[in-house]
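User: Hey, I'm new to this one and could use a quick tour. Can you show me what we've got?
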Amino acid sequence: MRTVKAYAAPSATEPLVPTTIQRRDVGPKDVLIKIAYAGICHSDIHTVRGEWGPQQYPLTVGHEIVGVVEEAGSDVTRHRVGDRVGVGCMVNSCRECANCRAGEEQYCLNGNVGTYAGVDRDGSITQGGYSTHIVVVEDFVLSVPESIPYEAAAPLLCAGITTYSPLAHWNAGPGKKVAVVGLGGLGHMAVKIASAMGAEVTVLSQSLSKQDDGKRFGAEHYYATSDPDTFKQLESTFDLIINTVSAKIDLDAYLSLLRLDGTMVNVGAPADALPLHVFTLFNQRRSFAGSGIGGIRETQEMLDFCAQHGIAPEIEVVSADAINEAYERVLSSDVRYRFVIDTATLG
Ligand code: NAP
Ligand code: ZN
Ligand code: ZN
């Protein structure tokens, strides 16, 4: 075991504080990663505050991790010391179930092991990326293309794959009208990726305050959802709607914006149930779906796609002592568009 520096939540109601955590010894198939940057995902906040259920504290979160391989186990073949690598939302799965064999480890029928707040094989609770080092089995470690700016690569490991996966699955591309609800961490990546895929992208944001940014990221249209006219004007318009909102929204209002056979995919994960009227679905044979992160193979595909298309998240690098303030800014939709922690400042 080695002791490494980290930031952790002592409880659901207290600010995160500097601490140390234990990392396991490097096994034959493990790599030890020296973490350089860790993104702040809204899921980190939902989790540490207990919104998705009770947690064991202290808890270190963070599942948008980039760094360099510092040590590789004797049987490691995919990564070498010095490689630029990434870790996303999961660090293991059973590898044997039908979904794992199909490369959809995020939907492992025996439950994937989350990068934090998951139960590891030894029964311990996994601790995430707000730390200086992490030990991960090599199959769950991604190669990060050198052309993606180092610090900006981190958010791709969650915000990037979580939006890429449904956009690819529901065939966003030329001739498709795609709406993105919420221009935060996930939303701004959805806009960049969908527009690189060739879709006609519309942003549906609470106000028009980020309109210039949204258009710079590739959106052709931008509407304020606070204006009731938006919902009248856009009725039965979109082939695909990606909802990234972290809070409860009026699903029927958004579903009514789908055209014939259109699908709305929820990636936002509010704690509260989201009610809807089935009649909204009967009209235009609409579908309502969900999507969770993405498999390892698809995550690598997304990283390569972003490198090829010159796509990177818009980030604000923060030092560790600014994490709690960053959380408050995320909660007030004042993020432009992802906070990334420089782990050299962890203490
Ligand atoms: P974020 O940066 O906070 O973005 C969420 C955006 O939603 C905000 O920027 C805001 O956009 C909009 N919004 C916030 N509160 C709202 C409200 N009350 N009504 C309407 N719009 C509101 O969060 P994120 O990191 O992108 O994560 C978004 C959600 O996805 C979270 O719930 C997170 O847990 C979840 N998530 C799910 C997965 C998955 O696998 N499915 C993976 C990662 C994250 P505007 O200012 O433009 O309105
Ligand atoms: Zn996340
Ligand atoms: Zn499995």
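Analyst: Sure. One term before we start: a polar contact is a pair of N or O atoms within 3.5 Å, and within protein one must be able to donate a hydrogen and the other to accept it. Also, keep in mind that this is a predicted model.

User: Okay, so which side chain does His46 pair up with in a polar contact?
Analyst: That would be Glu51, with the two side chains joined at 2.7 Å.

User: And where is His46 found?
Analyst: In helix H1, which covers residues 42–48.

User: Is His46 buried or exposed?
Analyst: His46 counts as buried, because its relative accessibility is 5% and the cut-off for buried is under 20%.

User: What else does His46 touch, leaving out residues up to four places away in sequence?
Analyst: Besides Glu51, His46 touches Trp52, Ser246 and Ala269.

User: Switching to the metal: what coordinates the zinc ion (ligand 3)?
Analyst: Four cysteine SG atoms do, from Cys94, Cys97, Cys100 and Cys108, at 2.3 to 2.4 Å. Along the chain these donors follow the spacing C-x2-C-x2-C-x7-C.

User: What's the geometry at the site of that zinc ion (ligand 3)?
Analyst: Tetrahedral, with angles of 103 to 120 degrees among the four donor atoms. For reference, the ideal angle for four tetrahedral donors is 109.5 degrees.

User: Are Cys100 and Cys108 buried or exposed?
Analyst: Cys100 counts as buried at 8% relative accessibility, and Cys108 is also buried, at 8%.

User: Last topic: how many cavities of 30 Å³ or more turn up?
Analyst: A search of the whole structure finds one. The largest cavity holds about 70 Å³ of space, and its lining includes Phe140, Leu142, Leu157 and Ile161.

How values were computed
Residues are numbered from 1 along each chain as its sequence is written. Chains are lettered from A and ligands numbered from 1 in the order in which they are written. This is a predicted model: local features need pLDDT of at least 70, side-chain atom pairs count only at pLDDT 80 or more; totals for chains, interfaces and linings use all residues. Side-chain values use heavy atoms; hydrogens and water are left out. Donors are N, O and S atoms within 2.8 Å of the metal (3.2 Å for Na, K and Ca); water is not among the atoms, so sites may look incomplete. Four donors count as tetrahedral if all angles lie between 85 and 135 degrees; four count as square planar and six as octahedral if opposite donors are over 155 degrees apart and all others between 65 and 115; anything else is irregular. Buried means under 20% relative accessible area, exposed over 50%, partly exposed in between (1.4 Å probe, protein chains only). Helices (H or I, at least four residues) and strands (E, at least two) are DSSP runs, numbered from the N terminus. Contact means heavy atoms within 4.5 Å. On a 1 Å grid over the protein atoms alone, a cavity is a set of points where a 1.4 Å probe fits but cannot get out, and a pocket is an open set with protein on both sides within 12 Å along at least five of seven lines; lining residues have an atom within 4 Å of a point. Grid points are joined across faces, edges and corners, and a volume is the space filled by probe spheres set on the points.
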